[in-house]
Amino acid sequence: MAEEGAPQSGFRTFKEFMNISFRRAHLHDPQEIRFICEIDSTIPPLFDTEFLIDEAVVQSRIKEYTEKLTDDDFFDVAVTDTGRVVGFHILHIKPHFKNAKKAMVHTLWVAENFRKQKIAQTLKNRAESWAKFHKLNHIETWVSSKNENMIKLNQNLGFEIVNYKMRKNIIGI
């Protein structure tokens with residue numbers, strides 16, 4: 001199917017020729033990690049206007065990902081055939097009550113022009129397989145109430161709402 005505005009002559013767009021593959025992030029590739037951390041730092045302000053982005057936040061994430069993530073944590077990326085990262089998903093294994101284990105989603109991101117191609121769903125399915133392999137009891141995630149697409153995707157994949165985070169503004173923002 002041709003994209004809107006694309007020539008109708010039967011030619012495919014460049015994007016249609018790109019193959020997307022999935023792999024573990026290269027934690028020792030400074031360029032890849034910096035790119036992911038820069039993108040990851042821009043996500044919270046989309047849903048929380050009080051979140052401040054600066055170089056210190058990026059550096060903190062770089063340190064967290066390169067020093068605190070273990071081989072047991074989930075950190076997969078979606079890449080084009082040219083090696084460009086167009087999506088990533090990060091989960092940490094956390095101890096839970098009564099010795100049960102859970103995974104906590106840190107982040108999931110897909111580049112805007114690569115959305116609606118099941119990349120996020122594939123990353124989430126890979127994370128679920130990883131959780132089963134590690135015999136985890138469940139996966140938890142926090143999702144902004146403004147992020148309707150992620151809420152819908154999570155619910156379609158069997159996630160249930162179990163908590164509500166509530167806020168009362170005291171000083172007008």
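**Salt bridges, a pocket and surface features of the predicted model**

A search of the whole structure finds 7 salt bridges, and it should be kept in mind from the outset that the structure is a predicted model. Side chains of opposite charge can pair when their charged atoms come close. One of these pairs is formed by Arg23 and Glu32, whose side chains meet with a separation of 2.6 Å from N to O. The two partners do not share a class of exposure: Arg23 is partly exposed because its relative accessible area is 21%, and a residue counts as buried under 20%, whereas Glu32, with a relative accessible area of 9%, is buried.

A further salt bridge is found between Glu55 and Arg34, in which the closest N and O atoms are 2.8 Å apart. This pair links distant parts of the chain, since Glu55 belongs to helix H3, which covers residues 55–68, while Arg34 belongs to helix H2, which covers residues 30–47, and the two are 21 residues apart. Glu55 is partly exposed, with a relative accessible area of 40%, and Arg34, at 28% relative accessibility, also counts as partly exposed. Another salt bridge joins the side chains of Arg61 and Asp40, again described by a distance of 2.8 Å from N to O. Arg61 lies in helix H3 and Asp40 in helix H2, so this pair ties together parts of the chain that are 21 residues apart in sequence. Both Arg61 and Asp40 are buried, in contrast to Glu55, which is partly exposed, and Arg34, which is partly exposed as well. In addition, salt bridges link Arg34, Glu38 and Glu55 in a network.

Attention may next be given to the second largest pocket, which has a volume of about 230 Å³. Its lining is made up of 16 residues, and those that lie nearest the centre of the pocket are Glu128, Ala131, His138, Ile139 and Phe159. The elements that contribute two or more residues to this lining are strand S3 (85–95), helix H4 (119–133) and strand S5 (138–140), and the largest share, 6 residues, comes from H4. When the lining residues of the second largest pocket are divided by character, 8 are nonpolar, 5 are polar and 3 are charged.

The loop between strand S4 (101–110) and H4 contains Lys116, and Lys118 is placed in the loop between S4 and H4 as well. Lys116 has a positive phi of about 65° although it is not a glycine, and for Lys118, which is likewise not a glycine, phi is positive at about 70°. With regard to exposure, Lys116 counts as exposed because its relative accessibility is 77%, which is over the 50% required, and Lys118 is also exposed, with a relative accessible area of 56%.

Finally, the surface carries a nonpolar patch of about 450 Å², which is made by Ile161, Tyr164 and Met166. Of these residues, Met166 is found in the segment after helix H5 (148–156), and with a relative accessible area of 76% Met166 is exposed.

Definitions and conventions:
Residues numbered from 1 in each chain as written. Predicted model: local features only at pLDDT ≥ 70, side-chain atom pairs only at ≥ 80, totals over all residues. Heavy atoms only, no water. 1 Å grid on protein atoms, 1.4 Å probe; cavity = no way out; pocket = protein on both sides within 12 Å on 5 of 7 lines; lining within 4 Å. Points joined across faces, edges and corners; volume = space filled by probe spheres on them. Helix = DSSP H or I, 4+ residues; strand = E, 2+ residues; numbered from the N terminus. Nonpolar A, V, L, I, M, F, W, Y, C, P; charged D, E, K, R; others polar. Patch = residues over 30% accessible without salt bridge, like charges linked within 9 Å, V, L, I, M, F, W, Y side chains within 5 Å. Areas by Shrake-Rupley, 256 points an atom, 1.4 Å probe, with all protein chains shown as cover. Salt bridge = Lys/Arg side-chain N within 4 Å of Asp/Glu carboxyl O. Buried < 20%, exposed > 50% of the residue type's maximum accessible area, 1.4 Å probe, protein only.
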